[in-house]
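Here is a short report for a reader new to this structure. Please look at the sequence and the model first.

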Amino acid sequence: MKHSRKIGDGDDDDFPVRIDGKRLDRQKRKLIKQSRGISFRCVHCSVEISTNATATAHRNHCPMCLWSRHVDNSVGDRRSTCLSAMKPLGLSIKEPGEELMIVHQCVACDKIIRNRIAGDDNSFVIMDLLESSLLLPEEKECEIAKAGIQLCVDRELVSQCLWGKATI
Ligand SMILES: [Zn+2]
Ligand SMILES: [Zn+2]
């Protein structure tokens, strides 16, 4: 027989069968394995992405379209069992250091979290995201505020974060 059904044995050793007591099905284990591997496929635009990103230890979003996958309960913990697609909603600035973050919301469970941008995220797509965040409905803004996140809609501040201070 090709596939052994023994739990917690064999080729499943390097990724969890359960997270916080919840048993993961085969598809979810595969997704977790991919998210911890050297590359994964974007949930949204299907580009193959290396997890080895500049300026972040926890690459979980696509540098082209900024979509992510719900793998964390809190930043970098990789303890979510949801694993659905997370849509970029807007930007946020993390104090101190004025670090630019992307605000993501899970399309399945509605969880909202912030993620650090990576050095090779597409700056123009980030600026587009800023523009589209200006058009978010009020309920969505309230939802984001309830998650304890303040959206940044300051174009100048965002472009400074991306390209440094203008020297004129
Ligand atoms: Zn993508
Ligand atoms: Zn989720």
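The report below covers metal sites, an aromatic pair and some backbone details.

## A predicted model

This is a predicted model. Every value given here is computed from it.

## The zinc ion (ligand 1)

Which residues hold the zinc ion (ligand 1)? The donors are Cys42, Cys45, Cys62 and Cys65. Each binds through its SG atom, at 2.2 to 2.3 Å. In sequence, these donor residues follow the spacing C-x2-C-x16-C-x2-C.

The 4 donor atoms subtend angles of 102 to 118 degrees around the zinc ion (ligand 1), so the arrangement is tetrahedral. The rule asks for all angles to lie between 85 and 135 degrees. Are cysteine 62 and cysteine 65 buried or exposed? Cysteine 62 is buried, at a relative accessible area of 1%. Cysteine 65 also counts as buried, at 17%. The cut-off for buried is under 20%.

## The zinc ion (ligand 2)

The zinc ion (ligand 2) has a histidine among its donors. His70 binds through ND1. Cys82, Cys106 and Cys109 bind through SG. The distances run from 2.0 to 2.3 Å. Along the chain, the donor residues are spaced H-x11-C-x23-C-x2-C.

Cysteine 82 sits in the loop between β5 and β6, and cysteine 109 in the loop between β7 and β8, so this pair ties together parts that are 27 residues apart in sequence. What is the geometry around the zinc ion (ligand 2)? The 4 donor atoms subtend angles of 101 to 121 degrees, which makes the arrangement tetrahedral.

Burial at this site can be read from two of the donors. Cysteine 82 is buried, with a relative accessible area of 19%. Cysteine 109 is partly exposed, with a value of 42%.

## An aromatic pair

How many aromatic pairs are there? The count comes to 1. The pair is made by phenylalanine 124 and tryptophan 163. Their ring centres lie 5.7 Å apart, and the planes meet at 50 degrees, so the pair is tilted. A tilted pair falls between the limits of 30 and 60 degrees.

Phenylalanine 124 belongs to helix α2 (residues 123-133) and tryptophan 163 to helix α4 (residues 155-163), so the pair ties together parts that are 39 residues apart in sequence. Phenylalanine 124 counts as exposed, at 60% relative accessibility. Tryptophan 163 counts as partly exposed, at 45%.

## A cis peptide bond

Where is the cis peptide bond described here? This bond runs from glutamate 95 to proline 96. Its omega is near -10 degrees. Proline 96 is found in the loop between β6 (85-94) and β7 (99-106).

## Positive phi angles

Arginine 78 is not a glycine, yet its phi is positive, at about 55 degrees. Arginine 78 lies in the loop between β5 (68-69) and β6. With 14% relative accessibility, arginine 78 counts as buried.

Aspartate 110 has a positive phi too, near 70 degrees. Aspartate 110 is likewise a residue other than glycine. Its place is the loop between β7 and β8 (112-116). Is aspartate 110 buried or exposed? At 45% relative accessibility, aspartate 110 counts as partly exposed.

How values were computed:
Residues numbered from 1 in each chain as written. Chains lettered and ligands numbered in written order. Predicted model: local features only at pLDDT ≥ 70, side-chain atom pairs only at ≥ 80, totals over all residues. Heavy atoms only, no water. Donors = N, O, S within 2.8 Å, 3.2 Å for Na, K, Ca; no water. Tetrahedral: all angles 85-135°; square planar, octahedral: opposite > 155°, others 65-115°. Buried < 20%, exposed > 50% of the residue type's maximum accessible area, 1.4 Å probe, protein only. Phe/Tyr/Trp six-rings, centres within 6.5 Å; stacked < 30°, edge-to-face > 60°. Helix = DSSP H or I, 4+ residues; strand = E, 2+ residues; numbered from the N terminus.
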